[in-house]
Amino acid sequence: MRHAHLVLTVDAETRDRIEADCADETIDEWLLDAIDRKLDRRREYEFTDDCGI
């Protein structure tokens, strides 16, 4: 598996909210989980072209 590095900058309030929600995860683990969930939701939708043109 090839790895890529991402840099994420968030404001202090957002970081505080993430840290409060982390429980027993690191921030990196929390962010990876959030990205995976977002990508999984996107895969759930089937995109169709129903314009009929």
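How many helices and how many strands are there in the chain? There are two helices and zero strands. I should state at the outset that this is a predicted model.

Let me begin with the chain as a whole. It has 53 residues, and buried residues make up 6% of them. The accessible surface comes to about 5,700 Å², and carbon and sulfur atoms account for 51% of that surface.

I turn now to the largest pocket. The space in this pocket is about 530 Å³. Sixteen residues line it, and those closest to its centre are Leu6, Leu8, Asp28, Leu31 and Leu32. Sorted by class, the lining consists of 10 nonpolar, three polar and three charged residues.

Where do the helices enter this picture? Helix 1, spanning 12–21, and helix 2, spanning 27–44, each contribute at least two residues to the lining of the largest pocket. Helix 2 gives the most, with six residues.

My next topic is the surface. A nonpolar patch is formed there by Leu6, Leu32, Ile35 and Leu39. Together, these four residues have about 420 Å² of accessible area. Leu6 and Leu32 belong to this patch and are also among the residues closest to the centre of the largest pocket.

Finally, I would like to consider one member of the patch, leucine 39, which lies in helix 2. Is this residue buried, partly exposed or exposed? Its relative accessible area is 40%. Leucine 39 therefore counts as partly exposed, because that class lies between the buried limit of under 20% and the exposed limit of over 50%.

How values were computed. Residues are numbered from 1 along each chain as its sequence is written. This is a predicted model: local features need pLDDT of at least 70, side-chain atom pairs count only at pLDDT 80 or more; totals for chains, interfaces and linings use all residues. Side-chain values use heavy atoms; hydrogens and water are left out. Helices (H or I, at least four residues) and strands (E, at least two) are DSSP runs, numbered from the N terminus. Buried means under 20% relative accessible area, exposed over 50%, partly exposed in between (1.4 Å probe, protein chains only). Accessible areas come from the Shrake-Rupley method with a 1.4 Å probe; for residues, only the protein chains shown count as cover. On a 1 Å grid over the protein atoms alone, a cavity is a set of points where a 1.4 Å probe fits but cannot get out, and a pocket is an open set with protein on both sides within 12 Å along at least five of seven lines; lining residues have an atom within 4 Å of a point. Grid points are joined across faces, edges and corners, and a volume is the space filled by probe spheres set on the points. Ala, Val, Leu, Ile, Met, Phe, Trp, Tyr, Cys and Pro count as nonpolar, Asp, Glu, Lys and Arg as charged, and the others, Gly among them, as polar. Patches are made of residues with over 30% relative accessible area and no salt bridge: like charges are joined within 9 Å, nonpolar side chains (Val, Leu, Ile, Met, Phe, Trp, Tyr) within 5 Å. A salt bridge is a side-chain nitrogen of Lys or Arg within 4 Å of a carboxyl oxygen of Asp or Glu.
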